[in-house]
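Welcome! Here is a short set of exercises to work through with the structure open beside you. Try each task before reading its solution.

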Amino acid sequence: MLTKSILTALAGTVMFTLMALPADAAQRRDEQNDARAQMMAGKVKSLRSIENRVLPKMSGSQYLGPEFDPVAQVYRLKFIRKGRVVFVDVDGRTGSILRQR
C-alpha cells in the first residue's frame, strides 16, 4: 500500500513537471521568433553580433545564454562568474551595454 502511494505521488510530480515544460519552451520559441523578426526588419542587431561584442569582455565567466525583450528591444545575456549570476543587458538597436548586474 505504501509503495502504491509513493508511486502515485511520483507520477503526479512527473506529470506536473512535464506539463510545465511546454509553456516554457513555447515562451522561448516566441522570444526567438520576436528577435528574428525584429532582426530581419532591421530593427535590432543579430544575437551573434551582440554576443561577439559582449563575450570577449566577460572573460572568466561561463556564458549561460540569452533572452530577448521584444518591447524594450533589449538582449539579456546571462553568465556565471565566481559562483554569482551576472546579467548583461544590451541595447538590441545599437549593441551598447546598458547595464551589468
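**Exercise 1. Finding a partner across two strands**

Which residue in strand 2 is the bridge partner of Gln-62?

Solution. Keep in mind as you look that this is a predicted model.
- Step 1: Begin with the pair of strands. Strand 1 and strand 2 run antiparallel and are joined by seven bridges.
- Step 2: Look across from Gln-62 into strand 2, and you meet its bridge partner, Ile-80.
- Step 3: Check with another pair: Tyr-63 has Phe-79 in strand 2 as its bridge partner.
- Step 4: Follow the chain around the turn. The two strands make a hairpin with four residues between them, and Gln-73 in that turn has a positive phi of about 55°.

**Exercise 2. Laying out the sheet**

Work out the order of the strands, and find which of them stand at the edges.

Solution.
- Step 1: Recall the general rule: strands of a sheet pair through backbone hydrogen bonds, either parallel or antiparallel.
- Step 2: Here four strands make up an open sheet, ordered 1-2-3-4, with antiparallel pairing.
- Step 3: Strand 1 (62–69) and strand 4 (97–100) each have a single partner strand, so they are the edges, and one side of each has no neighbour in the sheet.
- Step 4: Going from one strand to the next, the twist averages 20°.
- Step 5: Now add the helix. Helix 2 (residues 47–54) packs on the sheet and touches strand 1, strand 2, strand 3 and strand 4. The direction of helix 2 makes about 45° with that of strand 2.

**Exercise 3. From strand 2 to strand 4**

Trace the pairing of strand 3 with strand 2, and then with strand 4.

Solution.
- Step 1: Strand 2 (residues 74–81) pairs with strand 3 (residues 84–91) over eight bridges, in the antiparallel sense.
- Step 2: Two pairs show the match: Phe-79 stands opposite Val-86, and Tyr-75 has Val-90 as its bridge partner.
- Step 3: The hairpin of these strands has two residues between them, and Lys-82 in the turn shows a positive phi of about 50°.
- Step 4: On the other side, strand 3 and strand 4 are antiparallel and share three bridges. Asp-89 stands opposite Arg-99 there.
- Step 5: This hairpin has five residues between the strands, and Gly-95 takes a positive phi near 85°.

**Exercise 4. A charged link**

Which side chain meets that of Asp-89 in a salt bridge?

Solution.
- Step 1: Side chains of opposite charge can pair when their charged atoms come close.
- Step 2: The cut-off used is 4 Å, from a side-chain nitrogen of Lys or Arg to a carboxyl oxygen of Asp or Glu. The count by this rule is three salt bridges.
- Step 3: Arg-76 and Asp-89 form one, at 2.7 Å from N to O.
- Step 4: Arg-76 belongs to strand 2 and Asp-89 to strand 3, so the pair ties together parts 13 residues apart in sequence.

**Exercise 5. Around the largest pocket**

Describe the lining of the largest pocket and say which element gives the most to it.

Solution.
- Step 1: The volume of the largest pocket is about 290 Å³.
- Step 2: Its lining has 15 residues, and Gln-32, Ala-35, Arg-36, Leu-47 and Tyr-75 lie nearest the centre.
- Step 3: Helix 1 (2–40), helix 2 and strand 1 each supply at least two residues. Helix 1 gives the most, with six.
- Step 4: Sorted by kind, the lining has six nonpolar, two polar and seven charged residues.

Notes
Residues numbered from 1 in each chain as written. Predicted model: local features only at pLDDT ≥ 70, side-chain atom pairs only at ≥ 80, totals over all residues. Heavy atoms only, no water. Pairing = 2+ DSSP bridges. Axes fitted to C-alpha atoms, helices over the stretch in contact; angles between N-to-C directions. Contact = heavy atoms within 4.5 Å. 1 Å grid on protein atoms, 1.4 Å probe; cavity = no way out; pocket = protein on both sides within 12 Å on 5 of 7 lines; lining within 4 Å. Points joined across faces, edges and corners; volume = space filled by probe spheres on them. Nonpolar A, V, L, I, M, F, W, Y, C, P; charged D, E, K, R; others polar.
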